[in-house]
Amino acid sequence: MAAKIDAATGIIAARTGAKETLIAELAGCFAGTEASATLAANRGDEVAYFVHEMRPDASEPYGLVSGTSTLKPGKVGREFFMTRGHIHSRPDRPEIYFCLRGRGVMHLETLTGETSPLAMESGSLTYVPPFMIHRSINVGDEPLITLFCYPADAGQDYEIIVRAGGMRTLIVDDGAGGWIEVANPRYQPRSIDEQQRYLRG
Ligand SMILES: [Fe+2]
């Protein structure tokens, strides 16, 4: 299996799968509920990000999924456009991201709520360790395009972020062309029981 990636657009013409996420589907990710409702009402049917993937045959026991994620630039109040974010359904599966274009943050959070926002720019390689919640955020003014690779049996669990009211911190515009990490007022820490469920896989 081989394919050419268009690094300017994120398009993989010979992809085996694709998924689009609309701005309306992201509205609940933003802490600024009024601004996000306005955005969803005005631009809800626009694509916020799309994924093109190369997935191996399901019969491969140790297959790797690779592909691209292309996230539009934009803001809701001081918050930047972001992906929904997830932990892997098999939480011990890691992932790598290689940034092809744009400026972004790979926002990481442990089950206990420790965060590490990692800056990404063209050429950055980012490793997402096992048991880590992860989300991409576009802090620039052009598309953020990353190439990802993860074990094909990893799966995505989006509800871990929804249940907690988001990630523990928000990445917001610092007013000077950059970004800063601030506390998320809606965040509810995970119970020990919930953490243990994920650690058991
Ligand atoms: Fe992932």
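1. Isoleucine 96 has a relative accessible area of 35%, so this residue counts as partly exposed (under 20% is buried, over 50% exposed, and partly exposed lies in between, with a 1.4 Å probe and protein chains only). Isoleucine 96 sits in strand β6 (strands are DSSP E runs of at least two residues and helices H or I runs of at least four, numbered from the N terminus). The model is a predicted one, in which local features need pLDDT of at least 70 and side-chain atom pairs count only at pLDDT 80 or more, while totals for chains, interfaces and linings use all residues. Residues are numbered from 1 along each chain as its sequence is written, and side-chain values use heavy atoms, with hydrogens and water left out.

2. Ile96, Phe98, Leu125 and Tyr127 make up a nonpolar surface patch of about 390 Å². Strands β6 and β9 are the elements that give two or more residues to this patch. Patch members have over 30% relative accessible area and no salt bridge; nonpolar side chains (Val, Leu, Ile, Met, Phe, Trp, Tyr) are joined within 5 Å, like charges within 9 Å. The areas come from the Shrake-Rupley method with a 1.4 Å probe, and for residues only the protein chains shown count as cover.

3. Strand β6 covers residues 95–101 and is antiparallel to β9, with four bridges between them (pairing needs at least two DSSP bridges). Across this pair, glutamate 95 faces valine 128 of β9. Side chains alternate along β9, residues 125–128: Leu125 and Tyr127 point to one face and are not buried, whereas Thr126 and Val128 point to the other and are buried.

4. Threonine 126, found in strand β9, has 5% relative accessibility and therefore counts as buried. Its C-alpha lies 8.5 Å from that of glutamate 95, although the two residues are 31 apart in sequence.

5. Glutamate 95 is also one of the ligands of the iron ion, which is coordinated by His86 (NE2), His88 (NE2), Glu95 (OE) and His134 (NE2) at 2.0 to 2.3 Å. Donors are N, O and S atoms within 2.8 Å of the metal (3.2 Å for Na, K and Ca); water is not among the atoms, so a site may look incomplete. The spacing of the donor residues in sequence is H-x1-H-x6-E-x38-H. Histidine 86 is buried at 10% relative accessibility, and histidine 88 is buried at 2%.

6. What covers the strand that holds His134? Both faces of β10 are covered, with His134, Ser136 and Asn138 buried on one side and Ile133, Arg135 and Ile137 buried on the other. Put as a count, six of the six residues in β10 (residues 133–138) are buried. Strand β7 (residues 103–109) runs antiparallel to β10 and is joined to it by six bridges. Histidine 107 has arginine 135 of β10 as its bridge partner.

7. Phenylalanine 131 deserves a check of its backbone. Its phi is positive, about 65°, although the residue is not a glycine. Most residues other than glycine have a negative phi. Phenylalanine 131 belongs to the loop between β9 and β10 and is partly exposed, with a relative accessible area of 25%.

8. How many salt bridges does the structure hold? There are 10 salt bridges (a side-chain nitrogen of Lys or Arg within 4 Å of a carboxyl oxygen of Asp or Glu). Arginine 55 and glutamate 53 form one of them, with the closest N and O atoms 2.9 Å apart. Arginine 55 is partly exposed at 32% relative accessibility, whereas glutamate 53 is buried, with a relative accessible area of 15%.

9. Glutamate 142 forms a salt bridge with arginine 101, again with the closest N and O atoms 2.9 Å apart. Because glutamate 142 lies in the loop between β10 and β11 (144–151) and arginine 101 in strand β6, the pair ties together parts that are 41 residues apart in sequence. Glutamate 142 is partly exposed at 31% relative accessible area, and arginine 101 is partly exposed at 24%.

10. Arg90, Asp92, Arg93 and Asp153 are joined into one network by salt bridges that share partners. Within this group, the closest N and O atoms of arginine 93 and aspartate 92 are 2.8 Å apart. Arginine 93 counts as partly exposed at 22% relative accessibility, and aspartate 92 is partly exposed with a relative accessible area of 37%.
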